[in-house]
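Open the model in a viewer and keep the selection panel at hand. The stops below go from a whole interface to one helix.

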Amino acid sequence: MTDAFTFDMLINYLMIGAALMVLGMVGFLARRNLIVMFLSAEMMLQGTALTLVAFGRYHGNWTGQVFTIVILTVAACEASIALALILILFNRKSSLDVTLWQEIREPGQPLTVDDPSQAEVEQFEDGPETYPHLTPAGIEPEHPTWTVHRN
Amino acid sequence: MDIFEIVRAIAVIVLGASGTWLLLPHRHGRIKPARSTLVGVVLSGIALICLATLWKPPTTFLAGAFFYLFALSSLAGAVLTITSRNPVYSALWFAAVVLSTAGLFLLSGAQFLAAGTIIVYAGAIIVTFLFVIMLAQKEGRATYDRMARSPGRATATCFLLFWSLLYALIALKTPPGLKPDDATDSRLARGSNLLIAKGIAPNTPEASVVHRALSPTNRLPDIDPGTTALGRHVAGLGGTLYTDHLVTVELVGALLFAALIGAIAIATPKPPIRPVQSNPPPPAS
């Protein structure tokens, strides 16, 4: 009886894991939004977890899955701390741009200067879900005044 | 090694890199024309199909169909996660990646992990959603979402890494003359064949390591016909987790506790550590 999870299946899983890891790395390096960078890091962890599970299945023991549980826990810790950090960083600069934090870079590294004037703003047309403009509901009525009668 | 496979792997790398680069935001935030986005989608799709032709389909039809479904949707979701201009869409595509990966876990016999991944990451994605809704600006307004940090160099570097991984994996593939599960094939021996395939003598440190890795608690059920495993599915995983890996469980619990304290300590609003000393406080009398 041959195992259904052959060596070639293991190679399939390793290829998918490598591709997920590499795409996550592209996102982490190229994107500037802190939240998207965080998601990319999680995607790299997913690729690694896939690799470990496939290796464990191939060798017929639970070690790969145990290691993946550890990865899952570390990912949860990373998520909590990363989101707390994102909150703090957003409170300081009111922006999720990672480039604003260049002053904590390694000494000797050149400053990256962007030219935001070249950026073009995409114009979005209002879709059908946008709220309609309500017509003003007339003039404000005169407020009633009360006089207190004392006996 | 098949030369045709090498050609397809090169096509995966070149087309995938150029497609991803076309789909990523522009370096200076210029709007990319719709034609370049279309070309990027087509190139990435061709690269994905080329990668799929490098896989060897599983023996049963149903497992093969689900394998291709989950694998292709996870990779397509990954490309869309990193190229979406709107972080809300990124989070949604990441949810697709997580669901597909959970399906792949299920196909490779990790039932508990499939459920656990969905539970953990569903919570994480909902929290990310909250953060996006709280913090991010409206679509198209945030400059940094439409500017990429040197996308060409990042894509080239990462796909060079992918090329090296893919080449190593293709070089490992079973040559055509050999049966897929030949016992004489010792390139990557399975756990139960390790002692024979690597020629490890008994009563050596290596042999004790192998025996420890193949203890009855640590063995997947239904793999080797001649061996016994203690539990199936979640019972087996729990068995190995609380016998062989007890220290790991304790360590991981401590790590979660430390991360909890750290997150609370970071996120609590507090006065700055070094406040600006504009008016020094009066000396204590």
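A salt bridge here is a side-chain nitrogen of Lys or Arg within 4 Å of a carboxyl oxygen of Asp or Glu. The model is predicted, and by that rule the interface of chain B and chain A holds 2 salt bridges. Select B:Asp145 and A:Arg31 for one of them: their closest N and O atoms are 4.0 Å apart. Polar contacts across this interface come to 12 residue pairs, both partners at pLDDT 80 or more.

Next, select the side of chain B that touches chain A. The elements giving two or more residues to this side are α2 (34–54), α3 (61–83), α4 (87–107), α5 (111–135), α6 (151–171), α9 (233–243) and α10 (246–267) of chain B. By class, the side has 62 nonpolar, 27 polar and 13 charged residues.

Now show both sides of the contact, with 102 residues from chain B and 80 residues from chain A. The two chains bury about 8,800 Å² between them, and carbon and sulfur atoms give 73% of that area. In chain B, colour B:Tyr144, B:Arg149 and B:Arg190, which lose the most area to chain A, together 9% of what that side buries.

Last, isolate α4(B). This helix of 21 residues reaches 30 Å from first C-alpha to last, close to the 30 Å expected at 1.5 Å a residue. Its buried residues include B:Phe94, B:Val97, B:Val98, B:Leu104 and B:Phe105. Among what covers the buried residues of α4(B) are α1 (7–30), α2 (34–59) and α3 (63–93) of chain A, along with α3 and α5 of chain B. Step just past the end of α4(B) to B:Gly109, where phi is positive, about 80°.

Note on methods. Residues numbered from 1 in each chain as written. Chains lettered and ligands numbered in written order. Predicted model: local features only at pLDDT ≥ 70, side-chain atom pairs only at ≥ 80, totals over all residues. Heavy atoms only, no water. Contact = heavy atoms within 4.5 Å. Buried area = accessible area lost by both parts, 1.4 Å probe. Polar contact = N/O pair within 3.5 Å; in protein donor to acceptor, adjacent residues only side chain to side chain. Helix = DSSP H or I, 4+ residues; strand = E, 2+ residues; numbered from the N terminus. Nonpolar A, V, L, I, M, F, W, Y, C, P; charged D, E, K, R; others polar. Expected span 1.5 Å × (residues − 1). Buried < 20%, exposed > 50% of the residue type's maximum accessible area, 1.4 Å probe, protein only.
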